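Got the structure open in your viewer? Let's walk through it one selection at a time.

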Amino acid sequence: MKADNETLLLRGLAKNDRKAIETIYREHYNLVQALVLKNNGTAEDAKDVFQEAMIVLYEKAKSESFTLTSQLGTFIYSVCRRIWLKRLMHQNRFMIAEEGELELIGVEAEVEEQEQHNHEFATMEKAIGSLGEPCKSLLEAFYLEKRNMQDIALSFGYTNADNAKTQKYKCLMRLKKLFFSTYNSNA
Amino acid sequence: MDELKMLEQIERYINGQMSPDERVQFEQLRKTNPEIDQMVVEHTFFVHQFTHFDEIKKFKSKLNDIHIDLAEKGAIQSTRLQGRAKVVYLVNKYKRVAAIAASIAGITAIALSSLVVSVSPKAPAKEIAQLSRQIDALKRKDQELNQELNQVKNHVTTAPPDITYKTGGTGFLINTKGLLATNAHVIQNASHVVIQGNNGKDYAVQVVFMDMAKDLALLQIVDSSFKAPASLPYAIKQTPGELAEPVFTLGYPRNEIVYGEGYLSAKTGFKGDTMTYQIAIAANPGNSGGPILNKAGEVVGILSTKQTSAEGVVFATQSKFIHRAIDSLRRQDTAFGKVKLPNAGSLKNLDRTQQVKKIKDFVFMVKVN
């Protein structure tokens, strides 16, 4: 029964359904916060770590190949614990409180993958940040809102669709350059 | 623009907008041309990165939203420690770090101050001579003197009083409304101050600002015969000059305007004074208060004192203190609320003779009794 429920929740999460996210949050957050607070962290750290785990779960839920091999709570707790351990190690601090009774699963690969995603996210954020307007809005209109060139030309004040296309091309090339210069140098 | 067309093809291919025939053709092209294949791979990756970024950004803000919502409803443990609890928590968390930081800061401060004391140069203060000029009073004929005295007795005028001026220096205009900068030591203990232009004409001035510590004074021309210029040729720089930068000055060590040039030899002045520069330039009594200009014709300082024990060592007040003085004037007196210093000069690409020709009408002899 519980497993069915959790499958439903994951399906909801994959569809970015607010109710499902809220339910997962409500059921599992407190345990993670307790872990972080006990181990040199603040409530703010706990929130960060938990949300990071939620993103991991979200990416997993979206991929069709994913099936949960443990209970949802165990997965979230394991991911959070792993992330927090890594952050503490980064600051040369270590876990003090060892918790015996909670079940853990190995999630090294997932956390590693998430770190790569975080790196990509930060790189893109920086690239878009230095791209400036109107390039940012132009690319968003085309690639995210999927508007056609005619429409974009009209609302951005270009004389025709061809003009808008050229502008979009130039903007895209600039963003690619910004993105890949950081991405490749850190890879 | 071939690449633009290619990109369009790639996008249509990725989005599945090609007709089956076109698709087969394009896939053939991909196979035979590794460059195009690479472009397809790269573009797919990049578009995915771009859309994925947006998706995660939105997801993150949704998570934040939910977090605040649930915390407010009390569905998850409140994340905010409040009031005393938070202070106690922070104190406990950071007391060790704070103690270490405080002791490091203390040790560093003591070490630094002892270092400064031991290395700062110890030169006697009397080595500094202020470059105001003792005007030779004997130059004036007795007759002239008597005449002038009679005139003073006979007429009460608002024009500059006819007085024998004993000391003097140099001053220069810093705005078009007749505001001048000079050295405070030039005009200290003065009962009368007038300025004399390059054309030999005297103008009555009022002292509106004086700062002995920075050796800076501002004078306002109050003479109705003064014709305000349309603009000043030089800018007053806010930033300090550079080491080794060539500089020049104009001043009145005698009754004629005199040009001198040198270079900025240290970014601090006498005994490491950070308000002044050290400049290597030939200066004589009377040069005090003259502008120090860089090669672009921007004012970087005001010539003030020289070291008597060494030849050619001159100190100049940094020009940013003129800006500071104007700021404090503005606060004291609303009449100066609109005073603007020139921040762009017109001398940049001129040769030196042209620059001097343009500047000399804005440099005045300051005469003091």
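**A bend before helix 6**

Start by selecting Pro134(A), which sits in the loop between helix 5 and helix 6 of chain A. Helices here are DSSP runs of H or I of at least four residues, strands are E runs of at least two, and both are numbered from the N terminus. Look at the bond leading into this proline: the peptide bond from Glu133(A) to Pro134(A) is cis, with omega near 5 degrees.

Before going on, a word on what you are looking at. This is a predicted model, in which local features need pLDDT of at least 70 and side-chain atom pairs count only at pLDDT 80 or more, while totals for chains, interfaces and linings use all residues. Residues are numbered from 1 along each chain as its sequence is written, chains are lettered from A and ligands numbered from 1 in the order in which they are written, and side-chain values use heavy atoms, with hydrogens and water left out.

**Back along helix 5**

Now select residues 108–131 of chain A, which is helix 5. Does its length agree or disagree with the expected span? The expected span is 1.5 Å times one less than the number of residues; for these 24 residues that should be 34 Å, and the end C-alpha atoms are 35 Å apart, which agrees.

Colour this helix by accessibility and you'll find buried residues, including Glu110(A), Gln114(A), Phe121(A), Met124(A), Ile128(A) and Leu131(A). Buried means under 20% relative accessible area, exposed means over 50%, and partly exposed is in between (1.4 Å probe, protein chains only). Just after helix 5 comes Gly132(A), with a positive phi near 80 degrees.

**Helices 6 and 7 of chain A**

Next, select residues 135–144 and 149–156 of chain A, helix 6 and helix 7. Two packed helices are described by the angle between their axes and the distance between the axes. Here the axes come within 10 Å and cross at roughly 150 degrees. (Axes are lines fitted to C-alpha atoms, for helices over the stretch in contact, and angles run from 0 to 180 degrees between N-to-C directions.) Helix 6 and helix 7 of chain A are therefore roughly antiparallel to each other; angles over 145 degrees count as roughly antiparallel, under 35 as roughly parallel, 65 to 115 as roughly perpendicular and the rest as oblique.

Which residues make the contact? On helix 6 of chain A, show Ser137(A), Leu138(A), Ala141(A) and Phe142(A); on helix 7 of chain A, show Met149(A), Ile152(A) and Phe156(A). Contact means heavy atoms within 4.5 Å. By class, that gives six nonpolar, one polar and no charged residues. (Ala, Val, Leu, Ile, Met, Phe, Trp, Tyr, Cys and Pro count as nonpolar, Asp, Glu, Lys and Arg as charged, and the others, Gly among them, as polar.)

Stop at Lys146(A), in the loop between helix 6 and helix 7 of chain A. Its phi is near 55 degrees, a positive value in a residue other than glycine. At 60% relative accessibility, Lys146(A) counts as exposed.

Zoom out to see chain A whole: eight helices and zero strands. Of its 187 residues, 45% count as buried.

**Over to chain B**

Select residues 2–14 and 20–32 of chain B, helix 1 and helix 2. They pack at an angle of about 115 degrees, with their axes 11 Å apart. Show Met6(B), Gln9(B), Ile10(B), Arg12(B) and Tyr13(B) on helix 1 of chain B, which meet Glu22(B), Arg23(B), Phe26(B), Glu27(B), Leu29(B) and Arg30(B) on helix 2 of chain B. This contact has five nonpolar, one polar and five charged residues.

**Three loops to finish**

- Ala244(B) lies in the loop between strand 7 (216–221) and strand 8 (246–251) of chain B. It has a positive phi of about 75 degrees although it is not a glycine, and its relative accessible area of 56% makes it exposed.
- Gly297(B) is in the loop between strand 11 (291–294) and strand 12 (299–307) of chain B. Buried or exposed? Gly297(B) is buried, at 0% relative accessible area. Leaving aside neighbours within four places in sequence, Gly297(B) is in contact with Tyr234(B), Ala235(B), Leu347(B) and Gln355(B).
- Lys340(B) is in the loop between helix 7 (320–332) and helix 8 (352–359) of chain B. Lys340(B) is exposed, at 67%. Leaving aside neighbours within four places in sequence, Lys340(B) is in contact with Ile174(B) and Asn175(B).
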